[in-house]
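Good morning, and thank you for making time for this presentation. Please take a moment with the sequence and the structure before I begin.

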Amino acid sequence: MTHKLGVAIVGCGFMGRRHMLGFNALHKAGKLEGEVVALLDINRETANKLAEETFELMGVRPKVYTSLNELLQDSAVEAIDIVTDPRTHHTIAIQAMEAGRHVLCEKPLSLTIKTGQMMVAAAERTGMTLATAENYRRGGANRVARAVLESGMLGKLHLMVELWAGGDDSIIISKWRHMKDTGAIGLDMSIHYADIIEYYVGPVERVWGRGIIAEPVRYTQDRSESIIPTGEDSLFASMQTTDGIDVQYTYLPSGLGKRYQQRSLHGTKGSMTVPPDRSDGETVVHLGDRELKGEELIKELAALGTHVNINEVTKAVLGPDGTGGKGAAWADVDAGYLAVEIADFIDAIKNKGAPEVDGMGGLRALAIVYAILESGIAQREVSVAEVLSGKLHAYQDEIDAAMERKK
Ligand SMILES: NC(=O)c1ccc[n+]([C@@H]2O[C@H](COP(=O)([O-])OP(=O)(O)OC[C@H]3O[C@@H](n4cnc5c(N)ncnc54)[C@H](O)[C@@H]3O)[C@@H](O)[C@H]2O)c1
């Protein structure tokens, strides 16, 4: 029997539970090359609850820890999956890598560029694998869209539009997602889209944009409680890639009425629209009057000799087209995407390869988001390089200082 990599989930809240369901999706499909051997949360109750559910689903009860020091004494733990709130990512990851553990870390890789650079440096120093959990790109519609771009079907590419506009004044998932010092929702969501943008059109070079707090007061669903956000909920930007492609970016989860979502690519020979992530929609290509989607699009890509990256694990957890299929439950599709990223991480460790999104991949996405926010306060176009290198950091200083104080 091949060795199953021992993994500990660190942070057993909203997303920690979803990660466990990702492990379970692999388990059900017979594709789990690892085992959830331990759970860590500063709240024992939270970890105990997840341990119980893990046992019910996978028949093995992980050990429960409330201290990272103790977890790292456990030799069964070979890798950790960090799913805590972003402020804590770098300290947990660095300590774990120094203790000889591989790390899969939820996005955003870290809360600032400075702390992210420390994580990437720790991975290089220790030789441990550091992967960023970026789930959106793993879905079938994004894989097909990426293949369309690689095929050259759209001709010379001029523009990518990534747009979300519409929402309300409710607290989005949790209070910490509205505070600058803990990772506000504008950053939390834009990280996903920054990863998608580079996945589609390559490195972003220049950014002109800004962030705003569109809803100055946010309320619980029953409106009995309210908070005053300190972090931006909305980001707007115009970007250019090193290949000279323009990107128009908007994330505005505010404004009652219809919500608009658009991911589209525009080239000299055609255009492409991509459905919302984790939906059962299809990627559709328009070449003049000709519309291509589904099987026909896959055949066209094959005829052009373009590979679509829907691997065996993806097929096993999300079906042959990697979308989960028409009408699939959102939770199953979500677990499928997470399963694909977890399998990729385990595979990178076992086969001494690189994960699809490594530490630098996560750090680049963070640099794009901070380039938008830094541009807003510097009131000029900024380069991703000056943010990534740590030269431009005025917006982030307050966050770094707050993390320093909380040490
Ligand atoms: N990829 C996605 O689609 C997606 C979706 C939601 C959340 N996330 C990411 O997942 C991470 C967690 O988000 P969440 O919504 O689950 O947050 P959450 O607040 O629900 O859960 C965080 C958990 O971490 C625990 N925790 C905090 N500090 C800890 C520490 N030092 N050691 C151990 N446990 C600690 C908390 O007690 C809590 O149970 C964030 O980085 C978030 O951006 C990603």
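By pairing of two strands I mean that DSSP finds at least two bridges between them. With that in place, please note that what you see is a predicted model.

I begin with the sheet. It is open, has nine strands with mixed pairing, and follows the order 16-15-14-13-7-12-11-8-17. At its edges lie strand 16, residues 290–292, and strand 17, residues 382–383, each of which pairs on one side only. Helix 11, residues 359–378, packs on this sheet and touches strand 8 (204–212), strand 11 (234–241) and strand 17. The direction of helix 11 makes about 60° with that of strand 8. Within the sheet, strand 13 (residues 260–267) and strand 14 (residues 271–274) run antiparallel and are joined by four bridges. Arg 263 has Val 274 of strand 14 opposite it.

I turn now to helix 4, residues 89–98. Why is helix 4 described as largely enclosed by the rest of the structure? Because seven of its ten residues are buried. These are His 89, His 90, Ile 92, Ala 93, Ile 94, Ala 96 and Met 97. The buried residues pack against several elements, among them strand 1 (5–10), helix 3 (68–71) and helix 5 (113–126). Just after helix 4, Gly 100 adopts a positive phi of about 80°.

Finally, the ligand. It is surrounded by 23 residues, and the closest are Gly 11, Gly 13, Phe 14, Met 15 and Glu 106. By class, this shell comprises nine nonpolar, nine polar and five charged residues. Helix 1, residues 14–28, provides the largest share of the shell, three residues.

Note on methods
Residues numbered from 1 in each chain as written. Predicted model: local features only at pLDDT ≥ 70, side-chain atom pairs only at ≥ 80, totals over all residues. Near = placed C-beta within 6 Å. Helix = DSSP H or I, 4+ residues; strand = E, 2+ residues; numbered from the N terminus. Nonpolar A, V, L, I, M, F, W, Y, C, P; charged D, E, K, R; others polar. Contact = placed C-beta atoms within 7 Å. Axes fitted to C-alpha atoms, helices over the stretch in contact; angles between N-to-C directions. Buried ≥ 20, exposed ≤ 12 C-beta atoms within 10 Å, placed from the backbone.
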